[in-house]
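Dear colleague,

I am handing over the structure we spoke about, with its sequence, and would be glad if you could look through it before reading my notes.

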Amino acid sequence: MTTHIASDPKSDMDQLQTVARASALRQWQYDISQFRAQKQHLTGMSTLALVKATPGSDAREWKLRYCLDVSGTDLVDATGKSVRGKGPKRVTSDMDVVQDGADGSWYVTEDKVTGTC
């Protein structure tokens, strides 16, 4: 979802609310807003591989560790020129997901890069 929205400067960032809440939602909105303010967008697709899943404090919470591979993406400016930094192309992130008690949907509430993979 985030790659799709970051790839299309005209897409509605409110779509993020269908998959994220709390700090994860705020961070994703901020990151994409920064791209848009600088007339930048993503191209290509990232891949995600689950590394570990641990139950949270109750049945409606899970803590996930995943490896995000962005080697198939690029960050480009309005002219199509790459503006991607020299950072790692594969990062490990820890994500908390919580199930909403009202509708049963799952939402990312925290998503933090913790290293490389």
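The notes below deal with the sheet and then with the pocket.

Please keep in mind throughout that this is a predicted model. In general, strands of a sheet pair through backbone hydrogen bonds, either parallel or antiparallel. Here there is an open sheet of 4 strands, which runs in the order β2-β3-β5-β6 and is paired in the antiparallel sense. Because β2 and β6 stand at the edges and have a single partner strand each, one side of each is left without a neighbour in the sheet. Neighbouring strands of this sheet are turned against each other by 25° on average, with direction ignored. The antiparallel pairing of β5 with β6 extends over 9 bridges, and Gly 115 in β6 is the bridge partner of Thr 92.

As for the empty space, the largest pocket has a volume of about 1100 Å³. It is lined by 31 residues, of which Thr 2, Asp 31, Leu 68, Val 70 and Asp 111 are the closest to its centre. The elements that give two or more residues to this lining are α1 (2–7), α2 (22–37), β2 (47–55), β3 (61–69), β4 (73–76), β5 (90–99) and β6 (106–116).

Which element gives the largest share of the lining of the largest pocket? That element is α2, from which 5 residues come. Sorted by class, the lining of the largest pocket is made up of 17 nonpolar, 9 polar and 5 charged residues.

With best wishes

Methods
Residues are numbered from 1 along each chain as its sequence is written. This is a predicted model: local features need pLDDT of at least 70, side-chain atom pairs count only at pLDDT 80 or more; totals for chains, interfaces and linings use all residues. Side-chain values use heavy atoms; hydrogens and water are left out. On a 1 Å grid over the protein atoms alone, a cavity is a set of points where a 1.4 Å probe fits but cannot get out, and a pocket is an open set with protein on both sides within 12 Å along at least five of seven lines; lining residues have an atom within 4 Å of a point. Grid points are joined across faces, edges and corners, and a volume is the space filled by probe spheres set on the points. Ala, Val, Leu, Ile, Met, Phe, Trp, Tyr, Cys and Pro count as nonpolar, Asp, Glu, Lys and Arg as charged, and the others, Gly among them, as polar. Two strands pair if DSSP finds at least two bridges between them. Axes are lines fitted to C-alpha atoms, for helices over the stretch in contact, and angles run from 0 to 180 degrees between N-to-C directions.
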